[in-house]
Amino acid sequence: MIISCPHCHKGNRVPIERVSQKPACGVCSKDLLSLPISPGEEAFHELIKHSSLPIIVDFWAPWCGPCKMFAPTFQASAGSHANQVIHIKVDTELHPSLGGQFNIRSIPTLVCFKNGKEVERVSGALPQQQLKQFIDRLIVR
Ligand SMILES: [Zn+2]
């Protein structure tokens, strides 16, 4: 699976079983999972199905004001849950098939996955504290 480094944007080959082992970028050595990642569709499905870490996905679009306002909150959350919860951003304009497949009707929508299954979703830009509670629930469940 190829994950583009969210820091330097170079593609890194990461075997799925290594996502829980604090994967670092081969180019800039920063933690790959300390910022939101934007995988291609193939890597997205592999992560959702086989990741041993819980995943939170932000379905967004470039034209959506609330999505843009929410972006720094989501980014900060990725930093504070680095290597613990994988934060993924899906641009629904770039990947309409993913938006369709997961039945995304409004954006932003956050969808959580654990052990290959969707466990929870919420629509709307959550304030920081609510996002933290949402993710804390994901970690313990
Ligand atoms: Zn890098």
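From the N terminus on, the elements of the protein chain run β-β-α-β-α-β-α-β-β-α, which amounts to 4 helices and 6 strands. Helices (H or I, at least four residues) and strands (E, at least two) are DSSP runs, numbered from the N terminus. This is a predicted model: local features require a pLDDT of at least 70, side-chain atom pairs count only at pLDDT 80 or more, and totals for chains, interfaces and linings use all residues. Residues are numbered from 1 along each chain as its sequence is written.

**The whole chain**

Begin with the complete chain in view. The C-alpha trace spans about 35 × 30 × 25 Å along its principal axes. The radius of gyration is 14 Å, close to the 14 Å that the globule rule gives for 141 residues, so the chain is as compact as a globular protein of that length. Here the radius of gyration is taken over C-alpha atoms, and the globule rule is 2.2 Å times the number of residues to the power 0.38. Of the 141 residues, 32% count as buried. A residue is buried if 20 or more other C-beta atoms lie within 10 Å of its own, exposed if 12 or fewer, and partly exposed in between, with C-beta atoms placed from the backbone.

**Strand 3**

Select residues 55–60, which form strand 3. Is this strand buried or exposed? Of its 6 residues, 6 are buried, so strand 3 is largely enclosed by the rest of the structure. Both faces are covered: I55, V57 and F59 lie on one side, and I56, D58 and W60 on the other.

Next, select F59 alone. F59 touches V90, T92, G99, I104, I107, P108, T109 and V111, not counting residues up to four places away in sequence. Two residues are in contact if their C-beta atoms, placed from the backbone, lie within 7 Å.

**The sheet around strand 3**

Now add strand 4 (residues 86–91), which pairs with strand 3 in the parallel sense over 6 bridges. Two strands pair if DSSP finds at least two bridges between them. Within this pair, D58 stands opposite K89 of strand 4. Add helix 2 (residues 65–80) as well: strand 3, helix 2 and strand 4 make a right-handed β-α-β unit. A crossover is right-handed if, with the strands pointing away from the viewer, the path from the first strand over the helix to the second runs clockwise.

Select strand 5 (residues 109–114), which pairs with strand 3 in the antiparallel sense over 5 bridges. The bridge partner of I55 in strand 5 is F113.

What is the order of the strands in the open sheet? The sheet has 4 strands in the order 4-3-5-6, with mixed pairing. Strand 4 and strand 6 (117–123) are the edge strands, each pairing on one side only. On average, neighbouring strands of this sheet are turned by 20 degrees against each other, direction ignored.

Then show helix 1 (residues 41–50), which lies across strand 3, strand 4 and strand 5 and runs at about 140 degrees to strand 4. Axes are lines fitted to C-alpha atoms, for helices over the stretch in contact, and angles run from 0 to 180 degrees between N-to-C directions.

**The nonpolar core**

Select L32, I55, I56, V57, F59, I86 and I88; of the 32 residues in the largest nonpolar core, these touch the most other members. A nonpolar core is a set of buried Ala, Val, Leu, Ile, Met, Phe, Trp, Tyr and Cys residues joined through C-beta atoms within 7 Å. Helix 1, strand 3, helix 2, strand 4, strand 5 and helix 4 (128–140) each give two or more residues to this core. Strand 3 gives the most, with 5 residues.

**Stops in helix 3 and the loops**

Select L98 in helix 3. L98 is partly exposed, with 18 other C-beta atoms within 10 Å. Leaving aside residues up to four places away in sequence, L98 touches E41, F44 and V90. The C-alpha atoms of L98 and F44 are separated by 9.2 Å, although the two residues are 54 residues apart along the chain.

Move to P108, in the loop between helix 3 (96–101) and strand 5. A cis peptide bond joins I107 and P108, with omega about -5 degrees.

Finish with N115, in the loop between strand 5 and strand 6. N115 has a positive phi of about 50 degrees although it is not a glycine, and N115 is exposed, with 10 other C-beta atoms within 10 Å.
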